[in-house]
Amino acid sequence: MASLAQHVAGLACPPLSGASGRRPAALTRPTALVCGTYALTKDERERERMCQLFDEASERCRTAPMEGVAFSPEDLDSAVESTDIDTDIGSLIKGTVFMTTSNGAYVDIQSKSTAFLPLDEACLLDINHIEEAGIRAGLVEEFMIIDENPGDETLILSLQAIQQDLAWERCRQLQAEDVVVTGKVIGGNKGGVVALVEGLKGFVPFSQVSSKSTAEELIDKELPLKFVEVDEEQGRLVLSNRKAMADSQAQLGIGSVVLGTVESLKPYGAFIDIGGINGLLHVSQISHDRVADISTVLQPGDTLKVMILSHDRERGRVSLSTKKLEPTPGDMIRNPKLVFEKADEMAQIFRQRIAQAEAMARADMLRFQPESGLTLSSEGILGPLSSDTPSDDSGEAQTTDE
């Protein structure tokens, strides 16, 4: 700054022309020259510092890229190889989903290989979006390697394969335990229907369906089923609705009151669905009064209480009655609401009558077997022979004494 001022001060200025040849009075005074510097802001100083550091780092990378590095590129390749995971087809691998697309999800498996989970390998069910299977970014799961894309060496993963193995194992266990399961009908053909059980598609032949419904009528319905054949190697899963119905019917005692829904009407009676079991309410068992037209009493879709009269476990047939639940004859026609309100009470009376009738029949048999030590009370109840009841032996002894 001083040198610049000295330089400027030493410059010679030519005299101004004038009449007198002298300078104006204003120019005879000393002239001061002010000089200054440009001040940078804080952000600008930081930007210059970062640029300088970048230039220095760029120069080091160009001239000495390995300076300060404790290992060589060969050491890095060796370390990657030693920590690489098993990527053989069929092996299980743990990974984290980091991105989803309309076609599937990309998975980080902590390897130099890229991994992808296709949409159709996300679960056992048919889905349209990967999120329907619960696949979202951040999900940590175990996957199975099922293939490798030769073009870019991307590993193809599957969750469906793991779930399928678990589902077959579960079905084998349920078959061994003879358990009744619920299957949803999703299709059918002329031989039977296809039901979804434990995520697997099983076949139910029409010979093993308890009702006479067609495949179209059973679509989207849930059926109680039992396993007939579970063969993972052949991919065969055969189920039976009749066997499951036989189990359910075994729990329905005669005289039991159950809730049912009218499925269809026929001239001879109404078919009632009682929790997956198809029962027949014959026209003669609707009421004590004669029913000329069933549709005047019942309509498809009606909900009602019915009593179990009998069941054929082999054929899967159940006979029902509302007649036995009528407090007075004809109530089912005049006041069905009263019949349903009194259903449990009337069923209890019916069961007591049945028990008494059975006791009377057993007593008749025991009269020919006095050694049983049982007798029948005035109420029709069997009990032990009392000490004050004369027996044939005591009568004979009294006669002998006389």
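These legends walk through four close-up views of a predicted model.

**View 1. Aromatic rings that pair up.** The structure holds three aromatic pairs. In one of them, phenylalanine 98 meets tyrosine 106 in a tilted arrangement, with 6.3 Å from centre to centre and 35 degrees between the planes. Another joins tyrosine 268 and phenylalanine 271: their ring planes stand at 90 degrees, so this pair is edge-to-face, and the centres are 6.2 Å apart. If you follow Phe98 and Tyr106 further, you will find that they form one aromatic cluster together with Phe116. How buried or exposed are these rings' residues? Tyrosine 106 counts as partly exposed, because its relative accessibility is 27% and partly exposed covers the range between under 20% (buried) and over 50% (exposed). Tyrosine 268, at 40% relative accessibility, is partly exposed, and phenylalanine 271 is partly exposed with a relative accessible area of 21%.

**View 2. Helix α4 from end to end.** Helix α4 takes in residues 160–176, which makes 17 residues. At 1.5 Å a residue, a helix of this length should span 24 Å, and the C-alpha atoms at its ends are indeed 24 Å apart, so the two values agree. Which residues of α4 are buried? They are Ala161, Ile162, Ala167, Trp168, Cys171 and Leu174. Just after the helix, have a look at aspartate 178, which takes a positive phi of about 55 degrees.

**View 3. Two buried cysteines and a search for disulfides.** A disulfide is a covalent bond between the sulfur atoms of two cysteines. How many does a search of the whole structure find? The search finds zero disulfides. Two cysteines are worth a look here. Cysteine 171, one of the buried residues of α4, has 0% relative accessibility and therefore counts as buried. Cysteine 123 is buried as well, with a relative accessible area of 10%.

**View 4. Glutamate 326, a buried charge without a salt bridge.** Glutamate 326 sits in the loop between β15 (317–321) and α7 (331–334). What is the nearest side chain of opposite charge to glutamate 326? It belongs to arginine 334, 6.7 Å away, and glutamate 326 has no salt bridge although it is buried; a salt bridge would need a side-chain nitrogen of Lys or Arg within 4 Å of a carboxyl oxygen. The glutamate does have polar partners to look for in this view. Its side chain makes a polar contact of 2.7 Å with the side chain of serine 287. The side chain of glutamate 326 also reaches the backbone nitrogen of methionine 332, at 2.8 Å.

Definitions and conventions. Residues numbered from 1 in each chain as written. Predicted model: local features only at pLDDT ≥ 70, side-chain atom pairs only at ≥ 80, totals over all residues. Heavy atoms only, no water. Phe/Tyr/Trp six-rings, centres within 6.5 Å; stacked < 30°, edge-to-face > 60°. Buried < 20%, exposed > 50% of the residue type's maximum accessible area, 1.4 Å probe, protein only. Helix = DSSP H or I, 4+ residues; strand = E, 2+ residues; numbered from the N terminus. Expected span 1.5 Å × (residues − 1). Disulfide = S-S within 2.5 Å. Lys, Arg positive; Asp, Glu negative; His and termini not counted. Polar contact = N/O pair within 3.5 Å; in protein donor to acceptor, adjacent residues only side chain to side chain.
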